[in-house]
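Visitor: I am new to this one. Could you take me through how its parts fit together?
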There are 2 protein chains.
Amino acid sequence: MVTQPARPAPDTSRRSERSRRAIYEAALSLVAETGYPKTTIEGIAARAGVGKQTIYRWWGSKADVLLEAFLDLGEQAAEAAGHTPDPLPDTGDLAADLKAVLRATVDELLDPRFEAPARALTAEGVVNEPLGREFVAKLLEPQLQLYVDRLRSAQRAGQLRPGIDPRIALELFVSPLAQRWLQYTGPISYDYTDTLVDYALYGLAPR
Amino acid sequence: MVTQPARPAPDTSRRSERSRRAIYEAALSLVAETGYPKTTIEGIAARAGVGKQTIYRWWGSKADVLLEAFLDLGEQAAEAAGHTPDPLPDTGDLAADLKAVLRATVDELLDPRFEAPARALTAEGVVNEPLGREFVAKLLEPQLQLYVDRLRSAQRAGQLRPGIDPRIALELFVSPLAQRWLQYTGPISYDYTDTLVDYALYGLAPR
């Protein structure tokens, strides 16, 4: 009979899962309350009711904890909304699909549970290039790639000009919403994002 | 003979101008080095070699000093480039004019003298809504209104669809550049901004 490798008892893994979730929640609430620079592993451990070593066993740095907590928040939100985060809808009507996704993004940006930690992490990324690039690579770019996929499918269907680079094209509707949200350059609404999609697809010059 | 109002002697106003410039430079370099939260009126005064009261006599808060220092930096840059900041060129060729302005913006965004304080102030505005709104009202929105004016002129010339809202339209090329710069979501180049203008004017969908 072969010896089985040691496995955590069900109790242990339930406890681990509870700790992991408590750490995520502590990290997100602390960064929202005090900002990124003042958030520490010690502070997260204290608020989560775990030892500092528990955090260091699972994550290399406070940036890692926060990025994972944030990824997890996005996954939870997607589950709560009854869908997995990917891919974008593809009904054959490009304008309608993009409008639907951007309306969902408007809701997410205005959700206080998401907004405070997202602002704190984004602000830090603006002045801390390595964190900014990690935030983009792990969180933002995978979401933008879903738009790339949807735009490629539209290109195959003849609904997007053949020479268009989808990675740049998506910025015409994604970046204006991001800038209004981040910099308070204007109000955010479904009407606004619908307009962005129409302008981007059909152009500003007369047809 | 009418009594003349008291005026500062030429010496005094030269000294004031020298102090004002030293304060601006101290404010910009400190915020670039230590970030907005750690920049103080005391620190600015010490680095500028003036008394704290000199700063309080002219400005109400550190945000005011920084915003004015930043406005002054923009004016100096415009003077050095041999033009006043407004209005946008209007040669009758909308695409060419927008491309020229965005290429100049690319140069400005990549100028280290501009970049560090701009990042520090923008990052603070992301998590400090009153400062963010003041930054937009005093600095960003006046620049965006130059685009609005240029787009209205294009609309009168029949080069922009009549129903288009110029204040939203400009975001199709301005916001993507802002997001790439702020969040490191992609490289910035003249080719890139030229492409944004072409996509925005002629649309992503086939004509």
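Visitor: How can chain B be laid on chain A?
Guide: A turn of 180 degrees with a shift of 0.0 Å along the axis lays chain B on chain A, and the RMSD is 0.0 Å (least-squares superposition on the C-alpha atoms of residues with pLDDT of at least 70 in both copies). The two copies are thus related as by a two-fold rotation axis. In chain B, the C-alpha nearest that axis belongs to Gly203(B), 1.7 Å away.

Visitor: What kind of model is this?
Guide: This is a predicted model, in which local features need pLDDT of at least 70 and side-chain atom pairs count only at pLDDT 80 or more, while totals for chains, interfaces and linings use all residues. Side-chain values use heavy atoms, without hydrogens and water.

Visitor: How many residues does the contact take from each chain?
Guide: Chain B gives 50 residues and chain A gives 50 residues, where contact means heavy atoms within 4.5 Å. The copies meet through the same surface, because 100% of the interface residues of chain B are also interface residues in chain A.

Visitor: And what area is buried there?
Guide: About 4500 Å² is buried between the chains, 62% of it from carbon and sulfur atoms; this is the accessible area (1.4 Å probe) lost on putting the two parts together, summed over both. In chain B, Val126(B), Tyr184(B) and Leu204(B) lose the most area to chain A, together 17% of what that side buries.

Visitor: Switching topic, how many salt bridges are there between the chains?
Guide: The count is 2, with a side-chain nitrogen of Lys or Arg within 4 Å of a carboxyl oxygen of Asp or Glu. One of them pairs Arg180(B) with Glu171(A), whose closest N and O atoms are 2.6 Å apart.

Key. Residues are numbered from 1 along each chain as its sequence is written. Chains are lettered from A and ligands numbered from 1 in the order in which they are written.
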